[in-house]
Amino acid sequence: MYEGKILEEIIRLFQEIKLRKSQKGYYFLCYGLQQYYQYEEKFRHQIYHLLFQEIAEKFNTNRSCVERNIRYVLEATWT
């Protein structure tokens with residue numbers, strides 16, 4: 001139940017800032033934020049090493065790909 005509410009809030013926020021699902025990194029960012037909010041203590045001080053690695057494992061890719069695509073989607077949204 002808690003997980004669903006977090007995901008709904010994240011999607012609402014993404015829609016509000018005009019983040020599109022078609023952008024590279026959208027699903028990485030969505031999953032990463034969801035995990036961070038659920039397990040904040042676990043990831044608080046090790047975003048890159050733990051959270052990005054977990055996202056990479058979930059999507060069967062590597063940590064640098066996750067970081068690059070998250071940076072891309074954030075830069076594309078803010079510009």
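This is a dialogue about reading helix packing, salt bridges, burial and backbone angles in a predicted model.

Colleague: I'm new to this one. Where do helices H4 and H5 sit in the chain, and at what angle do they pack?

Modeller: Keep in mind that the model is predicted. Helix H4 covers residues 47-58 and helix H5 covers residues 63-78. Their axes are 8 Å apart, and the packing angle is about 95°. Angles of 65 to 115 degrees count as roughly perpendicular, so H4 is roughly perpendicular to H5.

Colleague: Which residues make that contact?

Modeller: From H4 you have Tyr48, His49, Phe52, Gln53, Ile55 and Ala56. H5 answers with Arg63, Val66, Glu67 and Ile70. Sorted by type, the residues of this contact are 6 nonpolar, 2 polar and 2 charged.

Colleague: And how do H2 and H5 cross?

Modeller: The axes of H2 and H5 cross at roughly 100° and come within 8 Å. That makes H2 roughly perpendicular to H5. On the H2 side, look for Tyr26, Phe28 and Leu29. They meet Cys65, Val66, Asn69, Ile70, Val73 and Leu74 of H5. The residues here divide into 8 nonpolar, 1 polar and no charged.

Colleague: What span should helix H2 have, judging by its residues?

Modeller: Count 1.5 Å a residue. Helix H2 runs over residues 26-38, which is 13 residues, so the expected span is 18 Å. The end C-alpha atoms of H2 are 18 Å apart, in agreement with that.

Colleague: Which residues of H2 are buried?

Modeller: Buried stands for under 20% relative accessible area. In H2 the buried residues are Tyr26, Phe28, Leu29, Cys30, Tyr31, Gly32, Gln34, Gln35 and Tyr36. Among them, Tyr26, Phe28 and Leu29 also turn up in the contact with H5.

Colleague: Now asparagine 69. Where is it found, and is it buried or exposed?

Modeller: Asparagine 69 is in helix H5. It has a relative accessible area of 10%, so it is buried. Setting aside neighbours within four places in sequence, asparagine 69 touches Lys24, Gly25 and Phe28.

Colleague: What about leucine 74, a few places along?

Modeller: Leucine 74 is in helix H5 too. With a relative accessible area of 33%, leucine 74 is partly exposed. Try comparing sequence and space here: leucine 74 and lysine 24 are 50 residues apart in sequence, but their C-alpha atoms are 9.8 Å apart.

Colleague: Let's do charges. How many salt bridges does the count come to?

Modeller: The count comes to 3. Start with arginine 12, whose side chain meets that of glutamate 9 at 2.5 Å, N to O. Arginine 12 also forms a salt bridge with glutamate 16, where the closest N and O atoms are 2.8 Å apart. Glu9, Arg12 and Glu16 are thus joined in a network.

Colleague: Why does the helix spacing suit such pairs?

Modeller: An α-helix has 3.6 residues a turn, so residues three or four places apart point the same way. In helix H1, residues 2-16, arginine 12 and glutamate 9 are 3 residues apart, about one helical turn. Arginine 12 and glutamate 16 are 4 residues apart in H1, again about one helical turn.

Colleague: How exposed are these three?

Modeller: Arginine 12 is partly exposed, at 40% relative accessible area. Glutamate 9 is partly exposed as well, at 43%. Glutamate 16 has 52% and counts as exposed.

Colleague: Which side chains form the salt bridge in H5?

Modeller: Those of arginine 71 and glutamate 67, at 2.7 Å, N to O. They are 4 residues apart in helix H5, so about one helical turn separates them. Arginine 71 is partly exposed, with 48% relative accessibility. Glutamate 67 also belongs to the contact between H4 and H5.

Colleague: Last thing: how should I read phi?

Modeller: Most residues other than glycine have a negative phi. Here, lysine 18 has a positive phi, near 65°. Lysine 18 lies in the loop between H1 and H2, and is exposed at 64% relative accessibility.

Colleague: What is the phi of asparagine 60, and where does asparagine 60 lie?

Modeller: Its phi is near 55°, also a positive value in a residue other than glycine. Asparagine 60 lies in the loop between H4 and H5. Its relative accessibility is 74%, so asparagine 60 counts as exposed.

Technical notes:
Residues numbered from 1 in each chain as written. Predicted model: local features only at pLDDT ≥ 70, side-chain atom pairs only at ≥ 80, totals over all residues. Heavy atoms only, no water. Axes fitted to C-alpha atoms, helices over the stretch in contact; angles between N-to-C directions. Helix = DSSP H or I, 4+ residues; strand = E, 2+ residues; numbered from the N terminus. Parallel < 35°, antiparallel > 145°, perpendicular 65-115°, else oblique. Contact = heavy atoms within 4.5 Å. Nonpolar A, V, L, I, M, F, W, Y, C, P; charged D, E, K, R; others polar. Expected span 1.5 Å × (residues − 1). Buried < 20%, exposed > 50% of the residue type's maximum accessible area, 1.4 Å probe, protein only. Salt bridge = Lys/Arg side-chain N within 4 Å of Asp/Glu carboxyl O.
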